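Welcome, and thanks for taking a look at this model. Please have the sequence and the coordinates at hand while you read.

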Amino acid sequence: MYTDPISDFLTRVRNAMMAGHKVVEIPASKIKKEITKILFEQGYILNYKFEGQDQPQGTIKIALKYDKVTKEPAIRKIKRASTPGLRQYAGSKELPRVLNGLGVAIISTSKGVMTDKQARQENVGGEVLCFVY
């Protein structure tokens, strides 16, 4: 039993990339599925697949992305911002910029999970889940 499933998700992805794995398997939840979709749309992972939809939980299989020449992972750093003990909230005007716009902050808003850029366009704030670059 773990108290922070999002942190567990990020740690599994980080550990798999550091070990050079091609695929990582993670227990699924709605918010993890949304984070996975954002990582795919932003080009940080090759592909993903949701398995076991008929089961209560199911799994997410993520194909990790690496540079073809240097074998460096596409995700340089993936870091949790808000934790169960200390939630980090930001309004639409104070949303963080990761590496001056080169990275992505994933935000949980009232309109769903989205990137910091999308949240600025929608003019909504919310809980800052993690930073990816």
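What follows is a short tour of a sheet, its helices and a domain interface.

Please keep in mind that this is a predicted model. The protein is divided into two parts, domain 1 (3-62) and domain 2 (76-130).

**The sheet**

Let us begin with the strands. An open sheet is built from 3 strands, arranged in the order S1-S3-S2 with antiparallel pairing. Which strands stand at the edges? They are S1 (23-27) and S2 (45-51); each has a single partner strand, so one side of each is left without a neighbour in the sheet. On average, neighbouring strands of this sheet are turned by 20 degrees against each other, direction ignored.

In general, the strands of a sheet pair through backbone hydrogen bonds, in a parallel or an antiparallel way. Here, S1 pairs with S3 (residues 59-64) in the antiparallel sense over 5 bridges. If you would like a place to zoom in, Ile 26 stands opposite Ile 60 in S3.

**The helices on the sheet**

Two helices can be described against these strands. H1 (residues 5-19) lies across S1 and S3, while H2 (residues 30-41) packs on the sheet and touches S1, S2 and S3. Their directions are set out below.

| Helix | Strands involved | Direction |
|---|---|---|
| H1 (residues 5-19) | S1 and S3 | about 165 degrees to S1 |
| H2 (residues 30-41) | S1, S2 and S3 | about 155 degrees with S2 |

**Where the domains meet**

Now for the interface. The C-alpha centres of domain 1 and domain 2 lie 19 Å apart. In terms of contacts, 13 residues of domain 1 touch 15 residues of domain 2.

The size of an interface is often given as the accessible area lost when the parts come together. How much area is buried between domain 1 and domain 2? The value is about 1200 Å², and carbon and sulfur atoms give 72% of that area.

On the polar side, the count between the two domains is 1 salt bridge. A salt bridge joins the side chains of Arg 80 and Asp 4, at 3.0 Å from N to O. The count of residue pairs in polar contact between domain 1 and domain 2 is 2, with both residues at pLDDT 80 or more.

Which elements give two or more residues to the side of domain 1 that touches domain 2? They are H1 and H2. The largest share of that side, 5 residues, comes from H2, the helix that also packs on the sheet.

Notes: Residues are numbered from 1 along each chain as its sequence is written. This is a predicted model: local features need pLDDT of at least 70, side-chain atom pairs count only at pLDDT 80 or more; totals for chains, interfaces and linings use all residues. Side-chain values use heavy atoms; hydrogens and water are left out. Two strands pair if DSSP finds at least two bridges between them. Helices (H or I, at least four residues) and strands (E, at least two) are DSSP runs, numbered from the N terminus. Axes are lines fitted to C-alpha atoms, for helices over the stretch in contact, and angles run from 0 to 180 degrees between N-to-C directions. Contact means heavy atoms within 4.5 Å. Domain bounds come from an automatic or database domain assignment. Buried area is the accessible area (1.4 Å probe) that two parts lose on being put together, summed over both. A salt bridge is a side-chain nitrogen of Lys or Arg within 4 Å of a carboxyl oxygen of Asp or Glu. A polar contact is a pair of N or O atoms within 3.5 Å; within protein, one must be able to donate a hydrogen and the other to accept it, and residues adjacent in sequence count only if both atoms are side-chain atoms.
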